[in-house]
Amino acid sequence: MKNRQFGWAKWLIIGGMLLLVALPLYAQEDAAEGSSDAEMSEEEAPEIPFYSSADGFNVPVLTTWVDESDDKTAFFLNPDLQARIVTTATGEGDDPTEVAAEALGATITSEPIFSNRVNTADGTWEQRYYDEGNSNVSILSKIEEGRRYVIAFIEDDPEVAVYMPLVDRTWEEDTTLPGIEQAIESLGIAAIDELPEPTIETVSLPSGDWESATYDIDGTTVTGYGLNFGVTDYVAIAIGDADATQMVDAYNYTLLGGFFITSDNTAYLYLGLAVTAAIFIVLLGSIWLRWRNARRDLSTVEQLASD
Amino acid sequence: MKTGFWQVTFAILRKDMLAEIRSRELLSVMGLFALLSVLIFSFALEMDREARETAISGVIWVTVAFASIIGLNRSMSSEREQGSFDALLLAPVDRSALFLGKFLGNFVVVLLVGLILLPLGTLLYNITLITPWVLVILVLGIFGISTTGTLLAAMTAQTRARDALLSIAMLPIVLPVLLASVRATTSIISGDPTDLWISWPQILLVMDVIYMVLCFFTFGFIIEE
Amino acid sequence: MAQAKPKDFAQAPTPAPNLLRILTLVTVIGVVIALVFALNIAGTDIEQGEVQRIFYVHMPAFFGAFLAFGATVLGGIMYLWKRDPKWDRLAVAGVEVGFAFAMINLITGSIWARPIWNTWWTWDPRLTSEAIMVLTYAAYMMLRAGIDNMDTRRRFASVYGILAFATVLLTLFIIRFREDTIHPTVVGNSPQNAQGTFAASDGVVTALMVGLVIWGLLVPVTLMWYRIRLENMLDWVNRKKMEVLSA
Amino acid sequence: MSDTPAVLSIRELVKIYDFIPVLRQLDLDVAQGDCVALLGPNGSGKSTLLRLIAGLIKPSSGTIEIGGWQMPKEAAAVRAQIGMVSHQSLLYGNLTARENLVFFARLYDVPKNERDDRIAALLEQVGLTKRAESLVRTFSRGMQQRLSIARALLHSPHVLLFDEPYSGLDQDAAAMLDDIIRHTHQDGQTMMISTHLLERAQQVATRVMILNRGRVVLDKQAVAIAEHQLASVYAQAIADKIPSDAPQPRIETSVEPAS
């Protein structure tokens with residue numbers, strides 16, 4: 001009667017353990033089912049093609065623009081809009097304006113109409129804006145790990161002038177209007193208290209839902225675009241009648257859609273592989289050592305036995 | 001021929017309780033340890049109310065875990081001392097009944113220590129710990145600790161470095177129970193809505209059942225020679 | 001001198017069987033293939049850079065550990081049932097090999113975390129539970145070492161090996177218990193706060209699958225086989241010693 | 001040997017500890033009412049044999065049959081037939097003598113209505129009636145050992161086993177223990193006593209068995225050995241070489257491949 005009882009006990013243990021081992025599978029299926037619809041649609045979104053520079057930064061490829069990048073500099077141009085966007089890296093001490101001018105193939109001689117530093121989620125950016133007559137230039141740069149990374153935008157259309165500043169978010173409300181107005185004042189277009197009532201709309205672009213405010217300043221149409229991004233507002237100011245949404249989107253896509261710097265961490269990869277190898281060597285070595293010692297013991301014992 | 005399962009279980013429980021009432025050996029040592037532990041924690045962690053609220057459940061459960069290790073070591077070695085465990089094995093009884101009897105004894109004693117801890121914590125940390133749900137968690141958590149604890153104490157009592165080995169062997173294995181208990185207690189005393197923490201007692205219940213089944217059936221393998 | 005071989009005696013060591021030789025060769029080739037897939041064929045992760053390739057070892061290593069610790073559970077149950085020491089040899093091989101894989105998993109994870117999370121170690125629930133898992137199996141080995149009687153040692157180790165699997169399951173499930181983990185999930189969705197998640201594109205999936213088969217299956221099985229042979233050898237030597245002593 | 005049917009019979013018993021055979025192919029029959037003295041040097045397997053019979057350890061192979069029940073198949077039933085007194089008291093120091101006995105009576109399922117009478121009778125038999133309500137930890141070794149006998153007799157076992165019962169006892173206590181053992185035996189109790197003390201063995205035993213290296217090297221009725229010869233018989237028995245034609249343990253070889 002003792003035996004019979006242990007018989008079913010064993011089966012119960014084995015059944016229980018099998019159930020336990022099956023649990024991870026169940027749990028993972030459950031996790032897959034549990035994903036909400038929002039996440040599912042996010043997963044189905046087309047993958048972003050990336051330009052990856054030898055200098056360690058990555059930017060999304062602007063698929064509707066002409067890609068003339070080389071292995072160090074990302075370069076996209078749009079002949080219809082007469083606009084170019086460039087991203088490059090250089091030495092820490094280099095002047096961002098010179099670097100941007102060279103990369104863009106433009107000459108920048110004037111003093112910047114506006115420049116400052118902005119703290120964003122991914123570090124401190126220095127921004128400069130130039131008005132070279134027909135050409136209007138926006139340059140962002142930041143220093144990280146001993147290199148200066150520069151993102152520059154130039155627009156050569158004589159009909160319009162487009163600048164893309166970042167504005168520190170100092171107000172509480174959700175609206176981006178204060179940022180747009182601040183940018184208009186900073187760029188020297190008009191003082192905030194002189195601005196007329198704007199027409200406000202919402203524009204959906206791939207880089208996000210932007211708020212747009214259109215002002216009529218002394219007969220000139222000035223359109224401001226704003227996107228709330230936590231500590232910073234992304235702003236674009238277009239002076240003139242042309243539709244600037246495409247440029248706004250392309251430039252900010254570069255910034256928001258993932259300009260980021262991946263430093264060279266190959267050393268860590270090798271370290272990891274070395275540790276893995278070391279652990280295997282220790283295991284194998286200890287097995288081999290114990291085996292050898294056992295062999296030795298065995299021959300000693302056998303000798304003793306035969307004596 | 002075999003003596004009835006429950007008769008054996010309760011005979012052992014009764015014997016252990018009687019011996020404990022006589023000597024108060026376990027309760028005094030564990031109770032004193034619990035008191036010291038709570039005091040030391042409250043001195044060591046000088047905390048404001050909010051910090052106390054998050055720390056108290058950890059303090060309580062760590063104390064319960066270590067107190068139970070002390071108690072389990074004691075309870076098993078008292079069985080070994082006079083060879084009386086052999087006397088249990090000599091009897092025509094189910095091995096699992098022995099386990100259940102020893103387990104119930106340990107469970108009751110550790111639960112008593114836990115019940116002492118609650119008013120103590122309430123007093124020293126100025127947080128109300130005596131609520132029905134905290135009691136439920138206390139019972140469930142100590143149940144889980146006692147099952148594996150009884151099994152592992154029976155095991156380590158037969159090894160060389162018994163006392164040290166019990167804590168090393170037991171703590172990682174009861175960790176899931178401790179984790180769930182701490183989380184549940186923290187949630188309950190900070191007054192979260194029921195649906196935020198109700199899954200913890202459920203998880204505890206499932207773990208208790210799994211541990212109980214495993215320990216119940218493997219105990220026979222631990223004590224035979 | 002020799003008594004007939006009773007049931008719990010070891011077998012005389014034999015030269016490695018051909019199957020083991022073939023398996024070893026396959027494993028070595030497999031490791032090379034896995035490395036080629038991980039280092040050359042899979043694309044560089046755009047966000048994490050080269051260090052992401054460590055993942056092709058890191059994650060399969062957990063599966064290797066899972067397999068090995070699973071073998072310990074199986075060995076434990078079968079030993080308690082059949083009382084044939086060969087099952088206990090499987091269990092002890094599982095613990096040692098699984099321990100090595102768990103260490104690899106833990107350390108490569110830590111090395112990956114240094115550039116990605118900017119820290120070698122954080123008290124994240126999953127990391128903590130994995131560390132506890134490793135400690136549990138260290139306790140298993142200490143428990144084994146603490147018992148002199150072979151039969152008792154095997155029985156206790158079997159029971160403990162079964163119980164210790166609870167920590168493996170905890171490590172697997174911790175994300176469901178504690179949603180504040182920053183550890184990314186590969187199967188299923190990462191928690192909102194996971195850091196260092198990456199998109200699994202084609203090359204990544206292939207390299208991962210290759211890695212899983214080789215690091216998670218082939219390497220642990222081969223290593224365990226060698227470890228089982230060693231344990232058998234040790235038992236055999238022990239037996240011979242005892243025979244000489246008691247002759 | 002006696003003509004009465006064997007109450008305990010052991011066939012081809014083998015016990016191997018860590019590759020060391022402690023008992024090699026042991027056969028043994030003990031008749032009802034026998035008192036077997038089990039002698040032998042340390043490590044000869046006396047203690048192992050008793051623990052095997054008591055079911056505390058499992059045999060590597062072979063069978064033990066007591067009162068028609070087989071070990072290890074019907075272990076629980078066999079255990080119910082056995083009482084054991086060891087060199088340890090197997091009692092709880094924090095309980096009184098009576099409480100100890102009540103606890104073990106419950107374990108052995110002694111019927112409730114007989115329990116108190118049996119306990120009273122046994123306490124009387126071992127001379128501890130007066131100390132029934134004292135804690136066992138206050139008892140002397142001798143008293144503990146006597147209470148131990150009472151504990152072992154609680155369930156009227158078929159066979160009573162003594163494993164080195166005299167160890168740690170002074171002369172008086174040992175003599176007292178001897179008295180109890182002799183009286184118990186005279187009441188018809190079958191028993192086996194393992195001991196180092198040859199004179200005491202000869203005084204109580206009806207049969208003398210000497211074990212050496214896991215084998216029975218001598219098995220005689222006590223009356224067949226003259227009063228003062230036991231010591232020399234013992235010395236000769238354990239000095240003798242193991243006969244070369246002694247049966248070898250025969251156990252199946254496990255068939256699993258080596259790796």
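Across the interface of chain B and chain D, the rule picks out 2 salt bridges (a side-chain nitrogen of Lys or Arg within 4 Å of a carboxyl oxygen of Asp or Glu). In one salt bridge, the side chain of Arg22(B) meets that of Glu99(D), at 2.5 Å from N to O. On the chain B side, α1 (5-23), α3 (49-81) and α4 (84-90) each bring at least two residues to the surface touching chain D, and α1(B) gives the most, with 10 residues. Helices here are DSSP runs of H or I with at least four residues, strands are E runs of at least two, and both are numbered from the N terminus.

This is a predicted model, with local features needing pLDDT of at least 70 and side-chain atom pairs pLDDT 80 or more, while totals for chains, interfaces and linings use all residues. Residues are numbered from 1 along each chain as its sequence is written, chains are lettered from A and ligands numbered from 1 in written order, and side-chain values use heavy atoms, leaving out hydrogens and water.

The contact (heavy atoms within 4.5 Å) draws 31 residues from chain B and 32 residues from chain D. About 2,800 Å² is buried between the two chains, 58% of it from carbon and sulfur atoms; this is the accessible area (1.4 Å probe) lost on putting the two parts together, summed over both.

As for confidence, chain D has a mean pLDDT (per-residue predictor confidence, from 0 to 100) of 82. Residues 243-259 of chain D stay under 50. Where pLDDT is low, the predicted coordinates shouldn't be read in detail. For the complex, the predictor gives an ipTM of 0.82 and a pTM of 0.78.
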